[in-house]
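Student: Could you teach me how to read a protein structure, one feature at a time?
Tutor: Gladly! Let's open it and begin.

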Amino acid sequence: SQLYGMYAMKLPHRHKFWYGLAMDEKGHADWLRTLLFVDLGGGASGFNDARFNAEEIQVSIDLARARLNEVESKTLYPFIAVSTALEMEQAMIERKYFEVVEGDGEEFRRIMATLAEQTRVHVDKLLQEQATLEQEED
């Protein structure tokens with residue numbers, strides 16, 4: 001959410017769009033925090049050992065921090081912001097980040113399904129924003 005919040009500040013003519021995504025991401029972070037207190041279900045093992053890759057997750061975190069630092073120190077162009085956000089959101093889907101933790105508890109499954117769907121919604125919004133920017137260039 002920090003990166004999208006920075007985009008909102010640096011791109012005032014696109015503030016509403018980026019602020020909306022930043023607020024969505026804050027909500028997603030809240031949902032993830034609730035997973036700490038949610039019953040994973042009777043036979044759940046927690047982390048899906050076949051999917052959990054701590055190094056890959058750390059690389060993603062480091063990349064997000066690097067992009068945040070870049071935004072703070074450089075000129076930001078709307079198309080770059082959209083491309084970066086699309087890359088990050090699509091990577092979450094492609095790398096199946098929502099399969100890293102597993103459980104059969106109802107609340108757990110609902111939260112994970114919602115997070116996955118919201119990520120797809122973000123990709124759709126970003127693709128729409130990209131199309132808008134391309135039309136404005138013409």
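## Reading the helices and their contacts

Tutor: Let's start with a single residue: Asp30 is partly exposed, because its relative accessible area is 41%, which lies between the 20% limit for buried and the 50% limit for exposed. Keep in mind that we are looking at a predicted model.

Student: Which residue does Asp30 form a salt bridge with?

Tutor: For a salt bridge, look for a side-chain nitrogen of Lys or Arg within 4 Å of a carboxyl oxygen of Asp or Glu. Here the partner of Asp30 is Arg33, and their closest N and O atoms are 2.6 Å apart. The two residues are 3 residues apart in helix 2, so about one helical turn separates them. Arg33 is partly exposed as well, with 47% relative accessibility.

Student: How many salt bridges are there in the whole structure?

Tutor: A search finds 6. One of them joins Arg120 to Glu117, at 3.3 Å from N to O. Both residues belong to helix 5 and sit 3 residues apart, about one turn of the helix. Arg120 has 38% relative accessibility and counts as partly exposed, and so does Glu117 at 37%.

Student: Which salt bridge links distant parts of the chain?

Tutor: Try Asp24 and Lys125, whose closest N and O atoms are 3.6 Å apart. Asp24 is in helix 2 and Lys125 in helix 5, and their positions lie 101 residues apart in the sequence count. Asp24 is partly exposed, with a relative accessible area of 23%, and Lys125 is partly exposed at 34%. There is also a network of salt bridges that links Arg14, Glu129 and Glu136.

Student: Let's turn to helix length. How far does helix 2 reach from its first C-alpha to its last?

Tutor: The idea is to compare the reach of a helix with the span expected at 1.5 Å a residue. Helix 2 has 20 residues and reaches 29 Å, close to the expected 28 Å. You can do the same for helix 5: with 32 residues, it reaches 47 Å, close to the expected 46 Å.

Student: Which residues of helix 2 are buried?

Tutor: A residue counts as buried when its relative accessible area is under 20%. In helix 2 that applies to Phe17, Trp18, Leu21, Ala22, Glu25 and His28. These residues cover an arc of only 130° around the axis, so they are on the same side of helix 2. Among the elements that cover them are helix 1, helix 4 and helix 5.

Student: And which residues are buried in helix 5?

Tutor: Its buried residues include Phe108, Ile111, Met112, Leu115, His122 and Leu126. His122 is a good one to look at, because its relative accessibility is 0% and it therefore counts as buried.

Student: What is His122 in contact with, leaving aside its neighbours within four places in sequence?

Tutor: For contacts, ask which residues have heavy atoms within 4.5 Å. His122 is in contact with Tyr4, Leu21, Asp24, Glu25, His28 and Glu89. You have already met Asp24, which forms the salt bridge with Lys125, while Leu21, Glu25 and His28 are among the buried residues of helix 2.

Student: What about aromatic rings? How do I describe a pair of them?

Tutor: You describe a pair by the distance of the ring centres and the angle of the planes. This structure holds 4 aromatic pairs. In one of them, the rings of Tyr7 and Trp18 have their centres 4.7 Å apart and their planes at 80°, so the pair is edge-to-face. This pair links distant parts of the chain, with Tyr7 in helix 1 and Trp18 in helix 2, 11 residues apart. Tyr7 and Trp18 are both buried.

Student: How are the rings of Phe17 and Trp18 arranged?

Tutor: Their centres are 5.0 Å apart and their planes stand at 85°, so this pair is edge-to-face. Phe17 and Trp18 are both buried. Together, Tyr4, Tyr7, Phe17 and Trp18 form one aromatic cluster.

Student: Last one: how far apart are Ser83 and Leu126 in sequence and in space?

Tutor: Compare the two separations: they are 43 residues apart in sequence and 8.3 Å apart in space, C-alpha to C-alpha. Ser83 lies in helix 4 and is partly exposed, with a relative accessible area of 27%, whereas Leu126 is one of the buried residues of helix 5.

Conventions:
Residues are numbered from 1 along each chain as its sequence is written. This is a predicted model: local features need pLDDT of at least 70, side-chain atom pairs count only at pLDDT 80 or more; totals for chains, interfaces and linings use all residues. Side-chain values use heavy atoms; hydrogens and water are left out. Buried means under 20% relative accessible area, exposed over 50%, partly exposed in between (1.4 Å probe, protein chains only). Rings of Phe, Tyr and Trp (its six-membered ring) pair if their centres lie within 6.5 Å; planes under 30 degrees apart count as stacked, over 60 as edge-to-face and the rest as tilted. Helices (H or I, at least four residues) and strands (E, at least two) are DSSP runs, numbered from the N terminus. The expected span of a helix is 1.5 Å times one less than its number of residues. The arc is that of the directions from the helix axis to the C-beta atoms.
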